[in-house]
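Colleague: I've got the fold open on my screen and a few labels are puzzling me. Can you walk me through the reasoning behind them?

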Amino acid sequence: MASQTEAWLLENGSVKCLTKENRQGHGRSLRTAHNMSSSSLRIKSDLTLVSKVQFPCLRNFLAHLQEVLLGTKLSVLFPAIPLAVLAQSYAFGRPWIFALSLLGLTPLAERVSFLTEQIAYFTGPTVGGLLNATCGNATEMIIAILALTKGKIEVVKYSLLGSVLSNLLLVLGTSLFSAGIANLSTHQIFDRRQADVNSLMLMLSFLCHLLPLLFGYAAATTSAVAAAASTLHLSRASSIVMLLAYIAYLVFQLWTHRQLFEAQEDENDDVPVEEAVIGFWSAFAWLVGMTLLIALLSEYVVNTIEEASTTWDLSVSFLSIILLPIVGNAAEHAGAIIFALKNKLDISLGVALGSATQIALFVIPLCVIVAWTMGVDMDLNFNLMETASLGLAIITTAFALQDGTSHYIKGLVLLLCYVIIAACFYVSNAQKQDDNNILNLGIQSRRILLKSP
């Protein structure tokens, strides 16, 4: 029998022993779907060489450095960070800065999730859950706030809308399709109660987006300035309502009905029991550093997205809605698909629906409130095509999950919905370019006619 003192924890240069019962208790309290999905991409570090270092401070620093930088399968993407900085410093091609920054954000997003979990071991499950609820989409929040400071409201709207669509259609669709193909002979079921709660919250978010759009059409008879002001006031009120709903959602998730959101593990589950590997203050310092790096790369992304759009002949809306969410959430997306292949759909659904709910009910209204404090007029009117895409994605997902069972055709339908939405935004950009070309041609023709005798 394994000893109760077999697990050792490095904490601020000292060694602290955890009993087996406490370690398992910590593991159960932190086994949310998001955490389990992130853990699937982690690598257990071999500290044999580090343990031979004579000086304790240096040994602990090297151990933490190895855990943070090499403890993930995405560590191969870390060189993109200094390359992006060098490209920016030496005024290299701005589309390259955009691409390298996106690649660098991928491992940083996964490491932020890892560090918040490390802090949660010392703060308890409730505070840890709040940390995950606020830092789970830190990349999207930082990009959105930086874009707001530069007045790029459309980039904010497109990127956040793309995150919701990506989670509901691409991630969930790929997960259900992969689970169906990999487990053709197995009956695939999941706990629909969590899906029902998230679907209900997403429908509330859709209503808060739909009303400002309809209000703008209804107020078309009045002046454009008055209609825009009324839409802005309604959007701010709706954002406050959504934030209150998100607080209630957190209470429901972390206190009153926590059992619905805890990921259940099988006895033969090959996912190791997580335990803290670095101390509280070390994790906090690394979290601050990673956040600053995310802010730096996010600024590069915001500053270079127009140049990348022009060079690659892709619209800013297409890059923001399709490319940014795929790269920014690649880590948790991969984890959701890995667990879906193991027929653990509750974890995959928890990741996809949980992230979509967090973006829709927390990040988007928070951006509206932050823009309000900055004097920037950001509303919830995402235009007709964007709002329709959001509503149809939510309704289609709710229908696919209503019976608590799954098969590969459901995932395929969600994936095809995502493909046709992506094609829609791509074609809309081509249509805008054609309209602009026709307009420019008409202007040039008129100038020629005016100059002719």
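Modeller: Sure, just keep in mind that this is a predicted model. Let's start with one helix pair: Glu140, Ala144, Ala147 and Leu148 of H7 are in contact with Ile153, Val155, Val156, Leu160 and Ser163 of H8.

Colleague: What kinds of residues make up the contact of H7 with H8?

Modeller: There are 7 nonpolar ones, 1 polar and 1 charged.

Colleague: And why are H7 and H8 called roughly antiparallel?

Modeller: Look at the angle: the axes of H7 (residues 138-149) and H8 (residues 153-182) cross at roughly 165 degrees and come within 8 Å. Anything over 145 degrees counts as roughly antiparallel, so H7 and H8 get that label. As for handedness, their crossing is left-handed.

Colleague: What makes H11 roughly perpendicular to H12?

Modeller: Here the helices are H11 (residues 280-312) and H12 (residues 316-328), whose axes come within 9 Å and cross at roughly 110 degrees. The range for roughly perpendicular is 65 to 115 degrees, and therefore H11 and H12 qualify. This crossing is right-handed.

Colleague: Which residues make that contact?

Modeller: H11 brings Val301, Ile305, Glu306, Ala308, Ser309 and Trp312, while H12 brings Val316, Leu319, Ser320, Leu323 and Leu324. Sorted by class, the contact of H11 with H12 has 8 nonpolar, 2 polar and 1 charged residues.

Colleague: On to cysteines, then. How many disulfides does the structure hold?

Modeller: The count is 0. To be called a disulfide, a pair of cysteine sulfur atoms has to be within 2.5 Å.

Colleague: How do you know whether cysteine 367 is buried or exposed?

Modeller: Its relative accessible area is 3%. Buried means under 20%, so cysteine 367 is buried.

Colleague: What about cysteine 417: what does its relative accessibility make it count as?

Modeller: The value there is 23%. Buried stops at 20% and exposed begins over 50%, so cysteine 417 counts as partly exposed.

Colleague: Stepping back, how much of the protein counts as buried?

Modeller: By that cut-off, 51% of the 453 residues. In terms of secondary structure, the protein has 16 helices and 4 strands.

Colleague: And what share of the contacts join residues at least 24 apart?

Modeller: Taking contacts between residues at least 6 apart in sequence, 82% of them join residues at least 24 apart.

Terms used:
Residues are numbered from 1 along each chain as its sequence is written. This is a predicted model: local features need pLDDT of at least 70, side-chain atom pairs count only at pLDDT 80 or more; totals for chains, interfaces and linings use all residues. Side-chain values use heavy atoms; hydrogens and water are left out. Axes are lines fitted to C-alpha atoms, for helices over the stretch in contact, and angles run from 0 to 180 degrees between N-to-C directions. Helices (H or I, at least four residues) and strands (E, at least two) are DSSP runs, numbered from the N terminus. Angles under 35 degrees count as roughly parallel, over 145 as roughly antiparallel, 65 to 115 as roughly perpendicular and the rest as oblique. A crossing is left-handed if the near helix is turned anticlockwise from the far one by less than a right angle, and right-handed if clockwise. Contact means heavy atoms within 4.5 Å. Ala, Val, Leu, Ile, Met, Phe, Trp, Tyr, Cys and Pro count as nonpolar, Asp, Glu, Lys and Arg as charged, and the others, Gly among them, as polar. Buried means under 20% relative accessible area, exposed over 50%, partly exposed in between (1.4 Å probe, protein chains only).
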